[in-house]
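Hi everyone, thanks for making time for this one. Could you bring the structure up on your own screens, so that we can walk through it together?

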Amino acid sequence: MEVNDTDVRRERCDPDRPAHPGVFLTREAGKSDHQPAGLSVDFPVSVVLPAGGTGERTGLRTPKQFCSLLGRPLISYTVQAFERVSWIQSVVVVVAEENMDLMTDVVQRFRHTKVRAVPGGSTRHRSIWNGVLALGEGEGEGAVVIVHDAVRPFVDEDLLYKIATAAKEHGAAGAIRPLVSTVIATTSEGYLDHSLERAKYRASEMPQGFTYDVISRAYQRRGSTQSFTICPADRSPTSGSKCSESDFEFGTECLHLALQYCGTNAKLIQGPPTLWKVTYKRDLAAAESIIKDALSRSACVITGGSASGAALAGALREAVGALGTELEVVPDLRGENARCLAKEGNFILVSVGPSRPSEVEALLTELEAANRALLHPLVVIWVHMSDSDELSVSGRAAAVMDLSSAAKLRNILLYGIQLHPSKIGHMKTKQPGSHVWKSFYLCVLPFDI
């Protein structure tokens, strides 16, 4: 079968599609592909993620932020959504003291590099306050602190940028969404008292951003010059707190504290419909479905460092990009590239020249060594670019079929594609000795059995 370039005409991805919470795309150093190239901020930005909830509404023993979705805790997806943003410096995760070891294990296992965990308080505001204190005055004058929920993994860089820049300009900013239901007030006897005009009100969402000065003053008493330390989970913040006991016990809205205690009127920014929060057990299933869809839209291409492999990867990226699929291209899985082993669900291994099933075996061994707790199969596609015009597959397929059988037992699906130069000839690139395989014969090897 001869495969040639075709014009791919598909609708672009739905703008309301959630950002992939676990993808690092191929990019220039220091840039993120989830934001137009060159866009950055010139002030420090850090994140506080309150994650001390017990998950009572899910009805599960495990707090929902630590529930496993496709082999990765929910909170890890949220953390990675912030780590992929180059201009965010650090992420403070505030967890219940009994979950500190669990969070430390998540950080180490999934190789989170910008994260530190601190013990939380008994309520949401106490936990956020502990996170702000953990950042400390070292964040510097004019720094911005973004507060987000650990159980909202689908946040994209575009919104984070809008929140951070608005907070820098106005002192505070927050995401909002239109109300989808009418809000009513009831009497103590359970009868309708009155209803609110829905068009005049909005739902407050996350993320929210504040200058460090505003968020710290919102939790402190006016004129207080004393130093502050993180408070134990069963106590209120120290006597320098601006908030009342009622604020700390029952309050949930940081923007309100900024307005009430600092006089800072937050800039409100319309957020996308994907800002929903995992609250109930059914939400975990919905989040897993979204993540699974996102995983199917990304892959890691391993070129082996060859020019022909890189050229093929470039052609693939251009073709599948029109379908909403994102490829990260790496020469190997050593060093920093080893992060792909922990985050990707699809791998394309490109081999050039003589068939070397040992390369496939090495990749399978590396995936097994990564010790991922998988709830779905990994997919490995071996693309062998042969210099020969012969389409013989029987000899090399037999060896890999054994690998495929063994891989299935480890929850890995192995497929193979063999590419041969077209008789039409290669299209030369600007670099001598390399080829773009725009036109080739394709033979699917029966590795998956």
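**Contacts across the chain**

Let me start with glutamate 249, which is partly exposed, at a relative accessible area of 36%. Before going further, a reminder that what you see is a predicted model.

So which side chain does glutamate 249 meet in a salt bridge? The partner is arginine 126, with an N to O distance of 3.0 Å. Arginine 126 sits in helix α3, residues 124-135, while glutamate 249 sits in helix α6, residues 245-250, so this bridge ties together parts that are 123 residues apart in sequence. Is arginine 126 buried or exposed? At 3% relative accessible area, arginine 126 is buried, whereas its partner glutamate 249 is partly exposed.

The count of salt bridges comes to nine. Another of them joins aspartate 158 and lysine 162, whose closest N and O atoms are 3.3 Å apart. Here both residues belong to helix α4, residues 157-170, and they are four residues apart, about one turn of the helix. Aspartate 158 is partly exposed, with 33% relative accessibility, and lysine 162 is partly exposed too, with 38%.

Then we have arginine 334 with aspartate 332, where the closest N and O atoms are 3.1 Å apart. Arginine 334 is exposed, with a relative accessible area of 61%. And if you like your charges in groups, Arg124, Asp149, Arg152 and Glu205 are linked in a network of salt bridges.

Let's turn from charges to the nonpolar side. In soluble globular proteins, nonpolar side chains tend to be buried together. In this model, the largest nonpolar core has 38 residues, and the members that touch the most others are Val45, Ile75, Phe82, Trp87, Ile88 and Val93. Where do those residues come from? The elements giving two or more residues to this core are β2 (45-51), α1 (74-83), β5 (90-95), α2 (100-109), β7 (144-147), α4 and β8 (172-178). Which element gives the most? That is α4, with seven residues. You met α4 a moment ago, as the helix that holds aspartate 158 and lysine 162.

A second core, of 29 residues, lies apart from that one, and its members include Val94, Leu135, Ala258 and Cys262.

If you click on phenylalanine 82, you can look at its surroundings. Leaving aside neighbours within four places in sequence, phenylalanine 82 is in contact with Val47, Leu49, Ile88, Val91, Lys114, Ile146, His148, Val155 and Leu160.

Now for the strands. β5 runs parallel to strand β6, residues 115-119, and five bridges join the two. Valine 95 stands opposite proline 119 in β6. Together with α2, these strands β5 and β6 make a right-handed β-α-β unit.

Valine 95 also gives us a way over to glycine 53. The two are 42 residues apart in sequence, yet 7.8 Å apart in space, C-alpha to C-alpha. Glycine 53 is found in the loop between β2 and β3 (68-69), and it is partly exposed, with a relative accessible area of 38%. Apart from neighbours within four places in sequence, the contacts of glycine 53 are Pro63 and Gln65.

Last topic: the rings. How many aromatic pairs are there? The count comes to four. One of them is phenylalanine 154 with tryptophan 276: the ring centres are 5.7 Å apart and the planes are at 40°, so the pair is tilted. Phenylalanine 154 is in the loop between β7 and α4, and tryptophan 276 is in the loop between β12 (267-270) and α8 (281-295), 122 residues apart, so this pair links distant parts of the chain. Phenylalanine 154 is buried, at 2% relative accessible area, while tryptophan 276 is partly exposed, at 25%.

The rings of tyrosine 219 and phenylalanine 248 are also 5.7 Å apart between centres, with planes at 40°, so they are tilted as well. Tyrosine 219 is in the loop between α5 (212-218) and α6, and phenylalanine 248 is in helix α6, 29 residues apart. Both tyrosine 219 and phenylalanine 248 are buried. Adding Trp129 to Tyr219 and Phe248 gives one aromatic cluster.

That brings us back to helix α6, which holds glutamate 249, where we began. Over to you for questions!

How values were computed: Residues are numbered from 1 along each chain as its sequence is written. This is a predicted model: local features need pLDDT of at least 70, side-chain atom pairs count only at pLDDT 80 or more; totals for chains, interfaces and linings use all residues. Side-chain values use heavy atoms; hydrogens and water are left out. A salt bridge is a side-chain nitrogen of Lys or Arg within 4 Å of a carboxyl oxygen of Asp or Glu. Buried means under 20% relative accessible area, exposed over 50%, partly exposed in between (1.4 Å probe, protein chains only). A nonpolar core is a set of buried Ala, Val, Leu, Ile, Met, Phe, Trp, Tyr and Cys residues joined through side-chain atoms within 4.5 Å. Contact means heavy atoms within 4.5 Å. Two strands pair if DSSP finds at least two bridges between them. A crossover is right-handed if, with the strands pointing away from the viewer, the path from the first strand over the helix to the second runs clockwise. Rings of Phe, Tyr and Trp (its six-membered ring) pair if their centres lie within 6.5 Å; planes under 30 degrees apart count as stacked, over 60 as edge-to-face and the rest as tilted.
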